[in-house]
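The following exercises are to be worked with the sequence and the coordinates at hand. Each task is followed by a solution in steps.

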Amino acid sequence: MPPSEPARDYGITMWGASSTGKTTFLAALSVALIRQRGPWRVIGADQASATQLTRLTTGLTQRRTFPPATAAVEHYRWELVGMVRRAARRRWRWLGWRHYEQLVTIPLDLVDAPGEAADQERAAPVLWDGLIENMVNSGGIVFFYDPVREFENGDAFAHTFGVLTELSQRMRDRADGRLPHYVAVCIAKFDEIRVFETAAKLGLIEEEAGDRRFPRVPGDEAKGFFEQLCDLSHSGDAEMVLSLLEQTFRPERIRYFVTSAIGFYLDPHLRVYDRDNYQNHLPPQDDGEPARIRGSVYPINVVEPILWLSQSISGEAGE
Amino acid sequence: MLMSGTEQEPGGEGLREAIARDVAGLPGGAAFMISEFAAAGFITWEVRRDQDGTPHARQWLVPWSELYHRREPGPSGHSHEQGRPGGHRAAAEPPAAELAGSELTGGALTGSELTGGARARITQAAEGSSLLLVCSAPADPSAAPAFALARGVLERGGVTWRRAFTCPVPLEDLLLEVFTDDPLTQWYDLVALRRTPEGRLVFTTRQLFAPGAVRGAAESLTVRCEPSDDAGTVFAVMAYRLEERTTFRRVTQRVANVPHGTYELTAELRRPGEVRFRLRELAVKFRPDRRSWEELVARVPPRLDRLRPAHLIVAVEVSGSTARVLERIDRAEQLIRCVAAGADGPLHVSLISFGAHAVHRDDAEEPVTVLSWAQSSGVALAALSRLRERGAAPPGYSRAAQLECMLTTVATRLTGEHGRPVLVTAGSRPAFPRRVDRVSEIIPCPNRNDWAAAWYHLRQHPGMAFGAIRDFGPGGEAWRHLGHDAAGQLAAVDVRRFAADLGLVSSTAQYIPFPLVEAEEG
């Protein structure tokens, strides 16, 4: 008899300290799918979730504002829907493989908890418990690491350690001592000047294929970039975040993504990425106006972690 | 020439001509005498031409009561020296009671009743000391016998170069007319100062009138009056002879309180020794100045920090609160007025407004606007008034202002032909960077202008100066460069000192007692 395992679903929990861009990430998901022109699109599984999807997306594209800080645990029931090309062995094997298109729906049960919820000392018990409970029940976790916040506050390890300690305690009956979740580690805010310039300085930038030639950090460099950013942290504790994650979850179930929900600024006249003029995030202005988005949104690595988590959790494996 | 005998001259024309001829032939420092038999007494006139060529006359009056027999002979006559003849005769007239109570029969004196001393005096005048004998009171019972005595001496002597005139016009008036119409015998120059290229002040002159010039001659010239003390600016005329060019003699010296500026000065010759001044642009009173030449020379500073013609470019940031924008405009106006009032040479003023770049789709871009370029200060002030009416520009991006576009605009338009350029920027916000700025995180200028490149380009202009008036605080790198030569805070800037730091006005008040003239070409 296997150890008792809590009932888990295909849900994905967004986890990160406050202001790390969790909600913005979700708001950019639909835009990212549209811009990719791939087979996937996101829809609301129920009316409330559809409304939330519309609100988040239009806020980002029309008003060019960031979503307000999440105050309570938000539950988004969205679905990734797409026609996926599949292959099947023919009856007579000598005829080879048969290809066909199949409508695939991947449920996105997303839980967006306030950043404060990850701080046991400061968060209301209901928030803390809500976050932990959702993580326990989730199959996947999107973990947000904000290098800018870490540079300024240096509290990434403290947030991570508290949550994982609690999570491990609640799921301590695991046979191998590691949690079963798939974890997409998102090194967020790649568009921020300091983050991007650090990547550029480390020589990790490559040009994206396509007309706009946006910069990106290749997937196989993402973990190294994460390590480098942790080394730059003033607290000296950030480097432990990586170790903690890999000690807590199965390393093969962790994948790293360098992401940006809003992407880089694209001059509407040039229509191509400009190394000298890429800033898309406008910090809060002197007159009290909140931070805004300068131009159109071109999300980077927003779809990929969600899709990877969804497919991993569901066991689906599209070609 | 008429020899002996008396010429009757009701209007005095012949006498005037005779005097004018004699005055004209009078060399500097020489004199001749005229004996006048006037109602007041026997007047001996000495007509002298000064070393500066100005004719003068002075008189000695002896009342008839002292020349005719009387009970108590009085003292000898009195001397009156004067620049213009006459003026004392009425006071010297003998009392009527003395004349009425004399020994003369019928109430009239006769030549036979002249005292011995009087006869000797008159005879001496007629025989040699006086060039002209003039009876200006032929009906006077005292003057007529005395004149008859003199005329007799003249006739008996047969001297051809002395002449006797009977003319009812007072000699004083004739002398005044002659002196007034006398042509100049020397050169008349205005005393001025000239600034050498090294900044030293040296005395110089500007020619007003040449020998031969007569009353009514006028000459105009351009002079510059620096700030003077309470006494005012001195306008002095010196006379000299060509053969002794280094010897100047002061002819007239007048003073007027003239505001600092450049003027067209007109000098009009009223008569030898008297020049009247007036300024075309300004009605001021020219007063006589009694100060000594040494005192005036001592007040001339050795140097004058002359300022070159300037092109003042005022750039006003119109982003921010309306109150703040209006305060910047006020300060710009003060600066322009201060510089216009204190500038040495031609002043050109340009006015530029700049705001913030638009960043959001709904924002209107407020471009850098050249409101006036290389115009007079008046035109710039008028443009500033219009800018005041407009008030603050749309807010746009609130973390920066178009300093880089403003500088690029100035760098593009500036040629240097309008004088030494001075850029004064009033504002607060930092510049938009040319590219992404990881420190400030201010978005780049959409036009990709580079404030530093434009600044260094402008810096190449000879004499270029930069002044900054910031709302508060020192500002960033761009403002540090913009305030390279002068920097001040909006609420506390001393505009006069600020302008002086930029070389737009003199740093210290230099009082220059004489007008300045530009150096002659070559």
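**Exercise 1. The contact between the chains**

Determine how many residues each chain gives to the contact, and classify those on the side of chain B.

Solution. In this predicted model, ten residues of chain B and 14 residues of chain A take part in the contact. On the side of chain B that touches chain A, five residues are nonpolar, one is polar and four are charged.

**Exercise 2. Helix H10 of chain B**

Compare the span of helix H10 (residues 377-390) of chain B with the expected value, and establish where its buried residues lie around the axis.

Solution. Step 1: the helix has 14 residues, and at 1.5 Å a residue it should span 20 Å. The expected span is 1.5 Å times one less than the number of residues. The end C-alpha atoms of H10(B) are 20 Å apart, which agrees.

Step 2: B:Ala380, B:Ala383, B:Leu384 and B:Leu387 are buried. Viewed down the axis of H10(B), the buried residues fall within an arc of 105°, so they line one face of the helix. An α-helix has 3.6 residues a turn, so residues three or four places apart point the same way.

Step 3: on the other side of H10(B), the exposed residues are B:Gly378, B:Ser385, B:Arg386 and B:Glu389. The cover over the buried residues of H10(B) includes strand S16 (310-317), helix H9 (322-342), strand S17 (347-354) and strand S18 (369-375) of chain B.

Step 4: after H10(B) comes B:Gly391, with a positive phi near 75°.

**Exercise 3. Two helices of chain A**

Describe how helix H1 (residues 22-36) and helix H2 (residues 47-61) of chain A pack.

Solution. Step 1: the two helices pack at an angle of about 85°, and their axes are 8 Å apart. Angles of 65 to 115 degrees count as roughly perpendicular; H1(A) and H2(A) are therefore roughly perpendicular to each other.

Step 2: H1(A) contributes A:Leu26, A:Ala27, A:Ala28, A:Ser30 and A:Val31 to the contact, while A:Leu53, A:Leu56, A:Thr57, A:Gly59, A:Leu60 and A:Thr61 come from H2(A). By class, seven residues in this contact are nonpolar, four are polar and none is charged.

**Exercise 4. Positive phi in two loops**

Are A:Lys189 and A:Arg271 buried or exposed?

Solution. Step 1: A:Lys189, in the loop between strand S6 (182-187) and helix H6 (193-201) of chain A, has a positive phi near 60°. A:Lys189 counts as buried because it has 27 C-beta neighbours inside 10 Å.

Step 2: A:Arg271 also has a positive phi, near 60°, and lies in the loop between strand S9 (254-258) and strand S10 (281-282) of chain A. With 9 C-beta neighbours inside 10 Å, A:Arg271 counts as exposed.

Technical notes. Residues numbered from 1 in each chain as written. Chains lettered and ligands numbered in written order. Predicted model: local features only at pLDDT ≥ 70, side-chain atom pairs only at ≥ 80, totals over all residues. Axes fitted to C-alpha atoms, helices over the stretch in contact; angles between N-to-C directions. Helix = DSSP H or I, 4+ residues; strand = E, 2+ residues; numbered from the N terminus. Parallel < 35°, antiparallel > 145°, perpendicular 65-115°, else oblique. Contact = placed C-beta atoms within 7 Å. Nonpolar A, V, L, I, M, F, W, Y, C, P; charged D, E, K, R; others polar. Buried ≥ 20, exposed ≤ 12 C-beta atoms within 10 Å, placed from the backbone. Arc of directions from axis to C-beta.
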